[in-house]
Amino acid sequence: MSTQLLENLNPAQQKAVQATEGPVLVLAGPGSGKTRILTHRIAYLIETLKVDPYNILAVTFTNKAAREMKERLDVLLGQGRAAALIVGTFHSICTRFLRRDIVHLGRERDFTIYDSDDQMRLMKRVLKDLNLDEKRNAPRAIHSEISRAKNELVCPEEFIRLGRTYKDEVTGRCYVRYQQLLRESNALDFDDLLVETVQLFEQHPDVLDRYQERYRYILADEYQDTNRVQYVLLKLLASKYRNLFVVGDEDQSVYAFRGADIRNIRSFEDDYPEAQVILLEQNYRSTQAILDVAQAVIRGDVRRKHVKRLWTENDKGALVQLQEAYDQDEEGQLVVDEAARLVASGEYKLGDIAIMYRTNAQSRAIEEALIGRGLRYQIVGGTRFYERKEIKDALAYLRVAHNPYDTINFSRVLNWPPRGIGDRTEDELNRWANSLGVPPYVALQLLNEQANPSSEAPEPTKPAPFSPRTRQSLLSFLRVLDELIAAKTEQSLDDLMGLLFSRVDFEEALRREYGEEEGRDRWNNVQELRNVALNYINLPIEAQLPTFLEEVALVADVDTIKEDQDAITCITLHQAKGLEFPVVFLVGLEEGLLPHSRSLDDRDALEEERRLFYVGATRARKQLYLLYAFRRSTYGRTNVSTPSRFLASIPKELVAQAPKRSISSAHQTSMFTPRTFGTAAGGSRRATPSASRTSQPPAAKQQRAALPQTPKETRFFAGLKVRHALFGEGVVVSSKLVDGDEEVTVAFSGKGVKRLLASFANLEMSE
DNA sequence: GTACGTTCATTTTTT
DNA sequence: ATGAACGTAC
């Protein structure tokens, strides 16, 4: 087995794979087999150093990479040998940790994960709560400030303390409120997943120690793209055994905008003075012609101190093609014609070809050209399946069923489909809930209690400010939610969705909203979601919904690329990182696009754009095409454009500058018959992610509230989350002292409002 | 409260 | 070009 482990690796790669224990930094250029090295290193640890796979943690950049790594390990080691090995992205790994241990931070383990859409809605709610004008304070901008702060591990209090400008002051207040609402909703946003994990480790050394003991060997890919919080995470985990094996390439650092700090990789040797550093400069992927061009571009950065000298034993290969198109439509035409020619020649298949661009918006012209040609394609990114409105709406119901305190998704479905609850009512409900100190869902339960007092009726709360008619609408909504909440523990996810779609009549609602045709398309999409749910049917019922929701939140778009289906891949340069294709078209190589106009006034940003070009070019194995358009329309306006400055750093002899419109080299493509047609936009062309199975961790070990003999003050207060053996999860509405005991009014999810005596009820506090 | 028309701003890249 | 946001009419 060991022989197989090392064969097909060159000496430098072998050296990396067989490095002794301790910190290792592998600086490796594109196409040098980074992923391969990581995989083989893991195999080597297990096979030769006899490390238990259980003690290894590997961080990859995408879930797709994680999946592939596990598959390759199964081949190298034999099926199932590496089953205990943990491989995943920072986000999925941290989620895993938190599901287990977030209770130490006084939080529920069943937290909801907020994606960017949820985050934006939450941000808008924050602005509303703080009476800030959305026009003057762009939610996106404020959110990205907050996100940046989180990635640098700056908490709200510190942010305010450090703030200098008025804008900082506003952002600081938003940050505070934003976190409050997240907590009230029992939700974490993407950034929180990492931040909370760091907090968990910093505040609970015993917990950290447990993880350090478990993960004695840590490996991380794309180390140049780590940001502060990721860096700290790795550092904390690795600080005990110091077996940290990282792989990266400065020249491929393209995520500064989300806080990636190139200094993390540059100062690795300072952090770990005993580190072994291994340099890999041989490229196995691309032809010499392609490498020459890529190198020419990256060397254009005059500030670079040392230039990695990439080399390859591969053939020179075909010259890189450079071509100007008249406009973006012709650009699409040229690409598609050439792609069709390549396929017709029999040399390549559709799946060998990728079209890469800087911005998602560019995909449209390409897509139209592909449809026109009838070539099968897949677009990675853009409007993702899970970001379609109808999908988000369906998911929103499920997420509220899972976690009724999720304010944002609650608002989302409150009046969808329209049920007579307008903005006015929503505001009123929120205000009323705020004044009671409970989430809106609990406010609805109280409203119900006021309307139909039960036998154990708690004392009347502050009367709700709704007209009878509005109240009816609100209560019928509550009934829908409660039915779903009741069903989630008794029915499979598939049945739960069935109930949702019939009870809410999704099909009808979509038809009403979008008309016959589009309504049907969207309804089909929703049903596709139900198909995805079938992947979870073998899990225990109580694990199906949470697992499904978690995986839906964490799939990245690049994870959904299908290789088994022969199709051209359209993808942004960022997402293309780590991938390779025999044929690559880089389109839109113009000033303002690559480099992007937003980067023009910042040297660092500009150099990042250059690296982006480099990343794109080095994805190609055999053939690289560079295209730009003479004029391009953006937002309906057309402008004359200039070729990208990066093209200027490529020596003329390295490219074949095709005369205008000659890439297509005529229409001798009649032999070519398209096999399938890409589905037109709006349909469900997008791949649905296949879901892997993970079992849900066992139930939380809750802290039990110790009851004093004779309470002098209430231990429970409004808004506190509690658990009851019979009624399950609930939120305290009020509490008061009665005859030396404490009488607590609690609104239980799906079970209504109950009045309980603290001494008998055995309420467990969650925070 | 909803439906429909008008205006207006909007696009960098992502887990 | 597209879609969100706002106003007016029902």
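Q: By class, how many nonpolar, polar and charged residues does the surface near DNA strand B have?
A: Sorted by class, that surface has 12 polar residues, 8 nonpolar ones and 7 charged ones. Keep in mind as we go that this is a predicted model.

Q: How many residues surround DNA strand B, and which are the closest?
A: The idea is to gather every residue with a heavy atom within 4 Å of the strand. Here 27 residues surround DNA strand B, and Arg358, Asn360, Gly422, Thr572 and Arg598 are the closest.

Q: Which part of DNA strand B supplies the atoms within 4 Å of the protein: sugar or phosphate, or bases?
A: It's a split. Sugar or phosphate accounts for 60% of those atoms, and bases supply the rest.

Q: Which residues have an N or O atom beside a phosphate oxygen of DNA strand B?
A: For this, look for pairs of N or O atoms within 3.5 Å. Gly422 uses a backbone N or O atom, 2.8 Å from a phosphate oxygen of DNA strand B. With Asn415 the side chain does it, placing an N or O atom 3.2 Å from a phosphate oxygen of that strand. Thr425 also uses a side-chain N or O atom, at 3.2 Å from a phosphate oxygen.

Q: What surrounds DNA strand C?
A: Lys124, Arg364 and Tyr635 surround DNA strand C. From the side chain of Lys124, an N or O atom comes 3.5 Å from a phosphate oxygen of DNA strand C.

Q: On to the sheet: how many strands form it, and in what order?
A: In general, strands of a sheet pair through backbone hydrogen bonds, and the pairing can be parallel or antiparallel. In this model, 7 strands make an open sheet, ordered 13-14-12-15-16-11-19, with parallel pairing. Strand 13 (377-379) and strand 19 (655-657) are the edges; each has a single partner strand, so one side of each has no neighbour in the sheet. Ignoring direction, neighbouring strands are turned by 20 degrees against each other on average.

Q: How many bridges join strand 13 to strand 14?
A: There are 3 bridges between strand 13 and strand 14 (residues 568-572), and the two run parallel. To find the register by eye, start at Ile379, which stands opposite Cys570 in strand 14.

Q: Which strands does helix 15 lie across?
A: Helix 15 (residues 288-299) lies across strand 11 (320-325), strand 16 (620-629) and strand 19, and runs at about 45 degrees to strand 16.

Q: Is Leu188 buried or exposed?
A: The cut-off to use is that buried means under 20% relative accessible area. Leu188 has 0% relative accessibility, so it counts as buried. You'll find Leu188 in strand 5 (residues 187-189). Beyond its neighbours within four places in sequence, Leu188 is in contact with residues including Leu98, Ile102, Phe111, Ile113, Leu182 and Leu193. The contacts of Leu188 also include Arg107 and Glu196.

Q: And His574, buried or exposed?
A: Its relative accessibility is 12%, so His574 counts as buried. His574 sits in helix 26 (residues 573-576). Setting aside neighbours within four places in sequence, His574 is in contact with Val254, Tyr255, Phe257, Arg358 and Leu612. You've met one of those already: Arg358 is among the closest residues to DNA strand B.

Q: Where does Thr35 lie, and how far from Asn409 is it in space?
A: Thr35 is in helix 3 (residues 34-47), and it is partly exposed because its relative accessible area is 37%. The C-alpha atoms of Thr35 and Asn409 are 38 Å apart, with the two positions 374 residues apart in sequence.

Q: Which peptide bonds are cis?
A: Read omega for this. The bond from Trp416 to Pro417 is cis, with omega near -5 degrees, and Pro417 is in the loop between helix 19 (407-414) and helix 20 (423-436). The bond from Leu594 to Pro595 is also cis, with omega near 5 degrees. Pro595 is in the loop between strand 15 (581-586) and helix 27 (603-617).

Q: What about phi: where do Leu153 and Glu222 stand?
A: Leu153 has phi near 60 degrees, a positive value in a residue other than glycine. Its place is the loop between helix 7 (139-151) and helix 8 (156-162), and at 26% relative accessibility Leu153 is partly exposed. For Glu222, phi is near 50 degrees, again positive. Glu222 lies in the loop between strand 6 (217-220) and helix 12 (228-238), and counts as buried at 7% relative accessibility.

Definitions and conventions. Residues numbered from 1 in each chain as written. Chains lettered and ligands numbered in written order. Predicted model: local features only at pLDDT ≥ 70, side-chain atom pairs only at ≥ 80, totals over all residues. Heavy atoms only, no water. Polar contact = N/O pair within 3.5 Å; in protein donor to acceptor, adjacent residues only side chain to side chain. Nonpolar A, V, L, I, M, F, W, Y, C, P; charged D, E, K, R; others polar. Helix = DSSP H or I, 4+ residues; strand = E, 2+ residues; numbered from the N terminus. Buried < 20%, exposed > 50% of the residue type's maximum accessible area, 1.4 Å probe, protein only. Pairing = 2+ DSSP bridges. Axes fitted to C-alpha atoms, helices over the stretch in contact; angles between N-to-C directions. Contact = heavy atoms within 4.5 Å.
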